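Got the model open in your viewer? Let's walk through it stop by stop, with something to select at each one.

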Amino acid sequence: MGELRGIGVSPGRAAGPVHRLAPPPPLPPAPAVIDADAERARARAAVAAVCADLTRRADLASDATAAEVLRAQVLMAGDEMLLEAVDAAVDGGADAPHAFAAALAEHRAAFEAAGGYLAERVSDLDDIRDRLVAASLGLSMPGVPSPGHPFILVARDLAPADTAGLDPAVVLGLITEEGGPTSHTAILARTLGIPAVVRCGSILEISDGVLVSLDGSSGAVAPGISELSAQAVNDAQRELLARRSASTGPGATADGHPVALLANIGSARDLAPSVEGVGLFRTELLYLDRTEPPAFAEQVAAYQEVFAALPGRKVVVRTLDAGADKPLPFLRLADEPNPALGIRGLRVARTIPSVLDTQLSAIAAAAAATSADVWVMAPMVATAGEAAAFAASCREHGLRTAGVMIEVPAAALRAGAVLRDVDFLSIGTNDLSQYTFAADRMCGDLADLLDPWQPALISLIAACAAAGREAGKPVGVCGESAADPDFALVLVGLGITSLSMAARSIPAVREALAAHTYDECVQFAKAALAADTPTGARAAVRP
């Protein structure tokens with residue numbers, strides 16, 4: 001078999017023997033006669049067991065991002081609507097395993113029809129189905145293989161429960177047949193620093209034990225390599241990681257042009273002591289698994305823990321990014337025909353203003369108790385009027401530095417007007433890509449449209465950077481595209497002043513910047529803007 005090609009979602013190179021994730025237990029034939037009461041009890045016992053297992057995994061997770069993902073799965077598995085659908089299936093004559101399969105098939109169809117974030121979670125829903133079916137059958141879900149040596153993990157797709165606990169010293173790389181750039185497999189692989197390729201067709205045709213190499217940047221997968229070649233790939237990767245781990249200090253180009261390199265975090269657990277600061281503090285973790293919003297005092301304590309760990313350093317807090325597309329039980333929002341275009345992010349304040357008001361008060365109280373340089377930004381802002389109203393609210397609460405995320409093309413096109421009333425912009429390239437190209441982030445068939453090297457996206461970023469220069473205000477990028485060392489050079493050349501990413505990605509970006517002057521970055525940016533295709537834009541930096 002010749003070279004395969006997928007989508008690189010977590011940078012780095014790795015090589016080793018492949019080992020496949022075992023499939024879940026199959027659904028047995030349905031029994032002819034059932035005891036409905038016994039099956040309902042059996043179903044509830046399975047839900048309790050799966051929720052307990054996922055909660056245990058979340059508690060043991062090495063980082064807050066993995067814990068957040070697993071706790072979201074607990075919410076899915078324990079959802080009352082799911083149990084009601086299971087009960088209905090049992091009343092119709094199904095046993096517990098078949099009732100779970102039927103109920104979750106309905107949920108799956110609803111998620112796919114909703115699009116956006118919910119469509120991204122279909123694979124997570126499939127994993128919950130498999131776990132509930134297995135638990136109701138009294139069986140264990142197959143885990144990650146343990147061949148006794150380092151290997152490349154191959155699967156149709158990976159669930160958060162499988163990915164979150166991977167040991168990078170044993171699992172050298174990940175290759176999946178399905179998935180997408182913003183799937184949980186991709187997010188957690190980047191967080192763990194494991195090279196990964198998704199949407200790699202034919203990968204499951206490769207037998208266990210065959211040596212392969214993968215490039216998590218380009219998406220190239222080479223099966224059937226020699227042991228010598230595999231060793232050379234891994235030696236080079238280890239040398240690269242060792243060099244980058246020794247890299248310290250603030251970000252700057254070779255001629256000293258400063259570029260803040262900041263970390264994306266979900267809680268204080270994600271903090272690395274050497275970071276310059278935080279460019280994206282996701283506050284959703286505090287709100288998960290709740291039927292009521294977190295109390296003011298609890299929020300103050302959580303924010304203060306992060307601020308206190310970064311005295312004198314910048315911390316950019318994103319207010320709650322949730323809504324109908326990221327359902328939180330306590331919000332009790334109405335169902336929407338298209339959640340990706342509905343009440344989410346700052347728009348939640350239109351219907352439940354107390355949530356934002358309490359959060360801003362808590363952030364202000366926590367900031368006042370520490371010396372961190374606290375900035376606050378709102379997600380899903382579309383107009384200059386929304387930006388102005390948010391900035392005014394921040395200042396009423398005593399928060400002096402207010403900004404907004406640019407995720408909607410309308411806001412990017414009017415970045416100058418948006419900047420009249422806010423202090424900074426932060427570009428979220430994942431959502432900006434989705435809305436610019438009308439392409440669902442989890443649709444593998446449209447992955448080429450979600451490539452950050454798309455010239456149209458680069459043009460929108462350039463417009464925001466130009467507006468920032470004219471206003472004399474900073475413009476950062478906090479999307480995962482900032483973690484691509486080559487793309488970081490283009491962003492800096494466009495005029496982006498800060499890059500925020502998973503802490504593990506910072507050394508590679510720092511190294512890339514240090515190897516080029518600012519004028520070189522400007523030339524890279526001009527060439528990328530002039531390109532007609534992502535391939536042409538990439539060639540401007542890496543011929």
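**Stop 1: a hairpin and its neighbours**

Start with Ser-213, whose partner across the way is Ala-222 in E8. Before going on, some ground rules: this is a predicted model, local features need pLDDT of at least 70, side-chain atom pairs count only at pLDDT 80 or more, and totals for chains, interfaces and linings use all residues. Residues are numbered from 1 along each chain as its sequence is written, and side-chain values use heavy atoms, with hydrogens and water left out.

Now select strand E7 (residues 211-215) along with E8; the two run antiparallel and are joined by three bridges. Helices (H or I, at least four residues) and strands (E, at least two) are DSSP runs, numbered from the N terminus. Two strands count as paired if DSSP finds at least two bridges between them. The hairpin of E7 and E8 has four residues between the strands, and Gly-219 takes a positive phi near 85° there.

Next, add strand E1 (residues 4-5), which pairs with strand E8 (residues 220-223) in the antiparallel sense over two bridges. Click on Leu-4 and you can find its bridge partner, Val-221, in E8.

**Stop 2: the open sheet**

Zoom out to show eight strands in an open sheet, ordered E1-E8-E7-E3-E4-E5-E6-E2, with mixed pairing. Which strands sit at the edges? E1 and strand E2 (7-10) do, each pairing on one side only. For a look further inside, select strand E3 (residues 13-20), which runs antiparallel to E7 and is joined to E7 by five bridges. Ala-14 stands opposite Leu-214 in E7.

Then bring up H8, which packs on the sheet and touches E2, strand E5 (171-176) and strand E6 (196-198). The direction of H8 makes about 50° with that of E2. Axes here are lines fitted to C-alpha atoms, for helices over the stretch in contact, and angles run from 0 to 180 degrees between N-to-C directions. "Touching", or contact, means heavy atoms within 4.5 Å.

Helix H8 (residues 184-192) is mostly covered, with eight of its nine residues buried. Buried means under 20% relative accessible area, exposed over 50%, and partly exposed in between (1.4 Å probe, protein chains only). Among the buried ones are His-184, Arg-190 and Leu-192. Just after H8, look for Gly-193, with a positive phi of about 75°.

Helix H9 (residues 227-245) is also worth showing: H9 lies across E3, E5 and E7, running at about 125° to E3.

**Stop 3: a buried aspartate**

Select Asp-87, in helix H3 (residues 80-91). Is Asp-87 buried or exposed? With a relative accessible area of 17%, Asp-87 is buried. Leaving aside neighbours within four places in sequence, Asp-87 is in contact with Arg-40 and Arg-44.

**Stop 4: the barrel**

Now show E9-E10-E11-E12-E13-E14-E15-E16, eight strands that close into a barrel in that order with parallel pairing. From one strand to the next, the twist averages 25°.

Pick out strand E11 (residues 314-318) and strand E12 (residues 373-378), which run parallel and are joined by five bridges. Val-317 stands opposite Val-376 in E12. Helix H12 (residues 353-368) lies across E11 and E12, at about 165° to E12. Helix H19 (residues 506-514) lies across strand E9 (260-265) and strand E16 (498-501), running at about 165° to E9.

**Stop 5: a helix pair**

Keep H19 on screen and add helix H18 (residues 485-494): their axes come within 9 Å and cross at roughly 55°. The contact uses residues including Pro-485 and Val-492 of H18, and Ala-508 and Leu-513 of H19.

**Stop 6: the cores**

Finish with Phe-307, Leu-425 and Leu-499, which touch the most other members of the 91-residue largest nonpolar core. A nonpolar core is a set of buried Ala, Val, Leu, Ile, Met, Phe, Trp, Tyr and Cys residues joined through side-chain atoms within 4.5 Å. Not counting residues up to four places away in sequence, Leu-499 touches several residues, among them Val-259, Leu-262, Ala-488 and Val-509. For a last selection, try Val-47, Cys-51, Ala-66 and Phe-111, which belong to a second, separate core of 35 residues.
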